[in-house]
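The following exercises concern a single protein chain. Each task is followed by a solution that proceeds step by step.

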Amino acid sequence: MSTHTEEPAAAVYGTPALDEALLHFEVQRLYTLEAQLLDQHRYADWLELFADDLHYWAPVRTNRLRRQQSLADGAPGEVAIFDETKESLMWRIRRFDSGMAWAEDPPSRTRHLITNVAVRPGDEPGHYTAESAFLCYRNRLEREVDIYAGGRTDVLRRDADGGLVIARRTILLDQNVLLAKNISTFL
């Protein structure tokens with residue numbers, strides 16, 4: 001005789017666990033769409049995934065002893081790989097489209113992989129913090145290959161239509177010295 005009692009399916013819907021699973025799925029779909037748009041060079045569509053007051057930031061990292069790890073990642077206002085707004089990203093995208101971006105003519109081939117997604121409620125209602133790991137493979141011409149790996153922390157929020165937009169992105173690359181000739185891709 002089994003001591004396990006089954007809960008009716010109706011009792012599961014609307015629970016915090018289901019709400020959390022649906023949110024995780026929604027964020028995972030957002031990141032999958034983002035990767036597809038980037039790999040298809042649909043940058044204007046990609047930009048629509050971001051809030052108008054976006055801050056897109058990748059601080060420079062340095063090698064530090066264990067006792068100095070709190071100083072390993074650059075602080076806001078210091079030198080950064082990316083320190084962008086939605087408007088500055090728009091200008092970069094326009095430059096790609098103008099034919100004047102020599103580092104992307106012919107264009108790179110990229111593959112963005114996003115994994116290890118974790119989502120938790122943010123400080124305000126309708127705001128969430130999402131962490132993820134990424135790997136971006138970039139190939140250009142015959143022999144140029146770059147691999148970028150790292151983690152991202154995003155602040156997501158609901159827009160007027162109830163969808164999620166990325167309001168803040170902090171990118172921590174695992175390498176502190178970029179071996180690429182340029183970083184003309186988005187992470």
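For the classes used below, Ala, Val, Leu, Ile, Met, Phe, Trp, Tyr, Cys and Pro count as nonpolar, Asp, Glu, Lys and Arg count as charged, and the others, Gly among them, count as polar. The model is predicted: local features need pLDDT of at least 70, side-chain atom pairs count only at pLDDT 80 or more, and totals for chains, interfaces and linings use all residues. Residues are numbered from 1 along each chain as its sequence is written, and side-chain values use heavy atoms, with hydrogens and water left out.

**Exercise 1. State the numbers of helices and strands in the chain, and their pattern along the sequence.**

Step 1. Helices (H or I, at least four residues) and strands (E, at least two) are taken as DSSP runs, numbered from the N terminus. The chain contains three helices and six strands.

Step 2. Read along the sequence, these elements follow the pattern α-α-β-β-α-β-β-β-β.

**Exercise 2. Test the span of helix α1 and identify what its buried residues pack against.**

Step 1. The expected span is 1.5 Å times one less than the number of residues. For the 24 residues of α1 (residues 16–39) this gives 34 Å, and the end C-alpha atoms are 35 Å apart, which agrees.

Step 2. Buried means under 20% relative accessible area, exposed over 50%, and partly exposed in between (1.4 Å probe, protein chains only). The buried residues of α1 include L23, V27, E34, L37 and L38.

Step 3. The buried residues of α1 pack against α2, β1 (50–59), β3 (109–121), β4 (127–140), β5 (144–158) and β6 (164–173).

Step 4. Just after α1, H41 has a positive phi of about 60°.

**Exercise 3. Determine whether W46 is buried or exposed, and which residues it touches.**

Step 1. W46 lies in helix α2 (residues 43–47). Its relative accessible area is 0%, so W46 is buried.

Step 2. A contact means heavy atoms within 4.5 Å. Leaving aside residues up to four places away in sequence, W46 touches E34, L37, L38, Y56, L89, I93 and F186.

Step 3. For one of these partners, E34, the C-alpha atom is 6.1 Å from that of W46, although the two residues are 12 apart along the chain.

**Exercise 4. Describe the pairing of β4 with β3 and with β5.**

Step 1. Two strands pair if DSSP finds at least two bridges between them. β3 and β4 are antiparallel over 11 bridges, and V119 has A130 of β4 as its bridge partner.

Step 2. Antiparallel pairing also joins β4 to β5, through 14 bridges; here R152 of β5 is the bridge partner of S132.

Step 3. The β3–β4 hairpin has five residues between its strands, and G126 in the turn has a positive phi of about 80°. Three residues separate β4 and β5 in their hairpin, where L141 takes a positive phi near 55°.

Step 4. Because 10 of its 14 residues are buried, β4 is largely enclosed by the rest of the structure.

**Exercise 5. Classify the residues that line the largest pocket.**

Step 1. On a 1 Å grid over the protein atoms alone, a pocket is an open set of points with protein on both sides within 12 Å along at least five of seven lines; lining residues have an atom within 4 Å of a point.

Step 2. The lining comprises D19, E20, L23, H24, V119, R120, P121 and Y128. Its largest share, four residues, comes from α1.

Step 3. By class, four lining residues are nonpolar, one is polar and three are charged.

Terms used:
On a 1 Å grid over the protein atoms alone, a cavity is a set of points where a 1.4 Å probe fits but cannot get out, and a pocket is an open set with protein on both sides within 12 Å along at least five of seven lines; lining residues have an atom within 4 Å of a point.
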